[in-house]
Amino acid sequence: MAHGATILGGIAGTELSPEERDFFRAADPWGFILFARNVESPEQLRRLTGQLRDSVGRDAVITVDQEGGRVQRLRAPHWAEWPAPLDQAEAGARAMWLRYYLIGRELHDVGIDSDCAPTLDVAQADTHPFLRNRCLGSDPDQVATLGRAVAEGLLAAGVLPVMKHMPGHGRAVADSHHDLPRVSSSLPELDALDFAPFRALADLPMGMTAHICLDAVDDAPATASAPAVQLIRQKIGFDGLLMTDDITMQALSGTEAERAQASIAAGCDLVLHCNGSVASMEPVVAAAGQMTPQAQRRADAALQMRQAPQDLDRHALQAEWQALVAGLALT
């Protein structure tokens, strides 16, 4: 059975309302995404993730942005506070694996089985501050090595990673939440730097597009660009499940329904809609339609990588991680 070609996050609070429950039952999104407004306590979050899965009658994927630093939806006092990823990149791959295994176990404990990480954008000197310290470094080989550690740590914790932002957002000097970044670099330049970490991790189960216009590829943002999606599929070699970045971000033009339709037409498998009410989600769900057979195949392959968490000694791993990152300066 084909599900709706959406991941929906327009959940107003910490409990699912009857209106939201009925809407999700009818819309049947492939998955859900949660935000800080949905998070109060471990007990409440376990209840909410259960309500979401009950609404669609299956063990749907529930994802979140839990990178650390500014982009962390589950926070103290109930969950650990993690520094920005770039602040700890120097500690190396083992430290990054430990960090994301521990993050993943915290997520899995409350019914969240996906994390929108690793961020594989390569940091540049002029990368916009909204993104820069969320990156894993400025060398593509380092980014790939650390990104692999992030992904493997999450998978070991029973959590599906989502690499982002394909085919690369690191050259953006504008914040795509508000404006469309444009990049004039040549295709060989992009291929050598921006695309390289994604190519190295092209076997990962899930990826997220970038709301960025690469002049060498197309005049449209990658999320809504058939040539950009073809580049992700062929030049980068990613055949995993490809979701858009949040289509409520203002880098995209047109209505949200038009953005959804353009993204699916470009070749994205799923539309990610993060903010809004049931009324705002309804036209997006209609425009996205049902998952294509190819999208469903990729989704099924991603679900095959979802596993029970490895039961490791978290206290010992936390102590090892703290020893590895001791003395690193935080920004």
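Two strands count as paired if DSSP finds at least two bridges between them. The exercises below apply this to a predicted model.

**Exercise 1.** Work out which strands pair with β9, and in which sense they run.

*Solution.* Begin with strand β7, residues 160-166, which is joined to β9 by three bridges in the parallel sense. Within this pairing, Val162 is the residue that stands opposite Met206 of β9. Turn next to strand β11, residues 241-243, which also runs parallel to β9 and is linked to it by three bridges; here Met208 has Met243 as its bridge partner. Since pairing requires at least two bridges, the three bridges to β7 satisfy the cut-off, and so do the three to β11.

**Exercise 2.** Decide how the residues of β9 are oriented, and whether they are buried or exposed.

*Solution.* In a regular strand the side chains alternate between the two faces of the sheet. In β9, which covers residues 206-209, Met206 and Met208 point one way, while Gly207 and Thr209 point the other way. All of these residues are buried, which means that each has under 20% relative accessible area.

**Exercise 3.** Describe the lining of the second largest pocket, starting from its volume.

*Solution.* The space in this pocket comes to about 160 Å³. Its lining consists of 15 residues, and those nearest the centre are Gly267, Cys268, Asp269, Gln294 and Arg298. Helices α8 (226-234), α9 (256-266) and α11 (293-304) each contribute at least two lining residues, with the largest share, four residues, coming from α8. Sorted by class, the lining holds seven nonpolar, five polar and three charged residues.

Notes
Residues numbered from 1 in each chain as written. Predicted model: local features only at pLDDT ≥ 70, side-chain atom pairs only at ≥ 80, totals over all residues. Heavy atoms only, no water. Buried < 20%, exposed > 50% of the residue type's maximum accessible area, 1.4 Å probe, protein only. 1 Å grid on protein atoms, 1.4 Å probe; cavity = no way out; pocket = protein on both sides within 12 Å on 5 of 7 lines; lining within 4 Å. Points joined across faces, edges and corners; volume = space filled by probe spheres on them. Nonpolar A, V, L, I, M, F, W, Y, C, P; charged D, E, K, R; others polar.
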